[in-house]
Amino acid sequence: TRKNWQLGRHIRKIRKAKGLTQEDVGERMGVNTSWVGRIETGRTTPGLKLLGKIARALDVKVKDLIPY
């Protein structure tokens, strides 16, 4: 959906601003790099638990991940 795509783009923007690769984030989260790509392209909708892992990997608060 459009919201998934917007969320993913925002996560990608934060990741790139921090100079991290998808592999870096995947390692920090303990997930496969392909999951990071799926989230960033909006093909996977992360639940709250996964958003928490993403936030920790990017060193931001969960609310900072939400572009709305």
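**Exercise 1.** Which are the buried residues of helix α3 (residues 33-40)? Determine also how they are placed around the helix axis and what they pack against.

*Solution.* The structure is a predicted model.

Step 1. Helix α3, which spans residues 33-40, has V36, G37, I39 and E40 as its buried residues.

Step 2. These residues cover an arc of only 160° around the axis, which puts them on the same side of α3.

Step 3. The packing partners of the buried residues of α3 are α1, α2 (22-29) and α4.

**Exercise 2.** Identify the buried and exposed sides of helix α2, and describe the residue that comes just after the helix.

*Solution.*

Step 1. V25, G26 and M29 are buried in α2. The arc they cover around the axis is only 100°, which puts them on the same side of α2.

Step 2. On the face turned away from that buried side, α2 carries the exposed residues E27 and R28.

Step 3. The cover over the buried residues of α2 includes α1, α3 and α4.

Step 4. Just after α2 comes G30, with a positive phi of about 80°.

**Exercise 3.** Characterise the packing of α2 with α3: the angle between the axes, the handedness of the crossing and the residues in contact.

*Solution.*

Step 1. The axes of α2 and α3 come within 8 Å and cross at roughly 110°. Angles of 65 to 115 degrees count as roughly perpendicular, and α2 is therefore roughly perpendicular to α3.

Step 2. The crossing in which α2 passes α3 is right-handed.

Step 3. On the α2 side the contact is made by Q22, E23, V25, G26 and M29, and on the α3 side by T33, V36, G37 and E40.

Step 4. Sorted by class, the contact of α2 with α3 has three nonpolar, four polar and two charged residues.

**Exercise 4.** Characterise the packing of α2 with α4 in the corresponding terms.

*Solution.*

Step 1. The two helices pack at an angle of about 120°, and their axes are 9 Å apart.

Step 2. The crossing of α2 past α4 is right-handed.

Step 3. V25, R28 and M29 of α2 make the contact with L50, K53, I54, A57 and L58 of α4.

Step 4. Six of the residues in the contact of α2 with α4 are nonpolar, none is polar and two are charged.

**Exercise 5.** Establish how α1 and α4 are oriented with respect to each other, and give the composition of their contact.

*Solution.*

Step 1. Helix α1 comprises residues 2-17 and helix α4 residues 48-58; their axes come within 10 Å and cross at roughly 20°.

Step 2. Angles under 35 degrees count as roughly parallel, and α1 and α4 are therefore roughly parallel to each other.

Step 3. The crossing of α1 and α4 is left-handed.

Step 4. The contact is made by L7, I11, I14 and R15 of α1 together with L51, I54 and L58 of α4. Its classes are six nonpolar, no polar and one charged residues.

**Exercise 6.** Which residues of α4 are buried, and what covers them?

*Solution.*

Step 1. The buried residues of α4 are L50, L51, G52, I54, A55, A57 and L58.

Step 2. What covers these residues of α4 includes α1, α2, α3 and α5 (62-65).

**Exercise 7.** Examine D59: give its place in the chain, the sign of its phi and its exposure.

*Solution.*

Step 1. D59 lies in the loop between α4 and α5, and α4 is followed by this residue.

Step 2. Although D59 is not a glycine, its phi is positive, about 60°. Most residues other than glycine have a negative phi.

Step 3. With a relative accessible area of 65%, D59 is exposed; the exposed class requires over 50%.

**Exercise 8.** Describe the surroundings of R12: its helix, its accessibility and its contacts beyond its sequence neighbours.

*Solution.*

Step 1. R12 belongs to helix α1.

Step 2. The relative accessible area of R12 is 27%, and R12 is partly exposed.

Step 3. When neighbours within four places in sequence are left aside, R12 is in contact with E40 and T41. E40 is also one of the buried residues of α3.

Step 4. From C-alpha to C-alpha, R12 and G37 are 8.9 Å apart in space, while they are 25 residues apart in sequence.

Definitions and conventions: Residues numbered from 1 in each chain as written. Predicted model: local features only at pLDDT ≥ 70, side-chain atom pairs only at ≥ 80, totals over all residues. Heavy atoms only, no water. Axes fitted to C-alpha atoms, helices over the stretch in contact; angles between N-to-C directions. Helix = DSSP H or I, 4+ residues; strand = E, 2+ residues; numbered from the N terminus. Parallel < 35°, antiparallel > 145°, perpendicular 65-115°, else oblique. Left-handed = near helix turned anticlockwise from the far one by under 90°. Contact = heavy atoms within 4.5 Å. Nonpolar A, V, L, I, M, F, W, Y, C, P; charged D, E, K, R; others polar. Buried < 20%, exposed > 50% of the residue type's maximum accessible area, 1.4 Å probe, protein only. Arc of directions from axis to C-beta.
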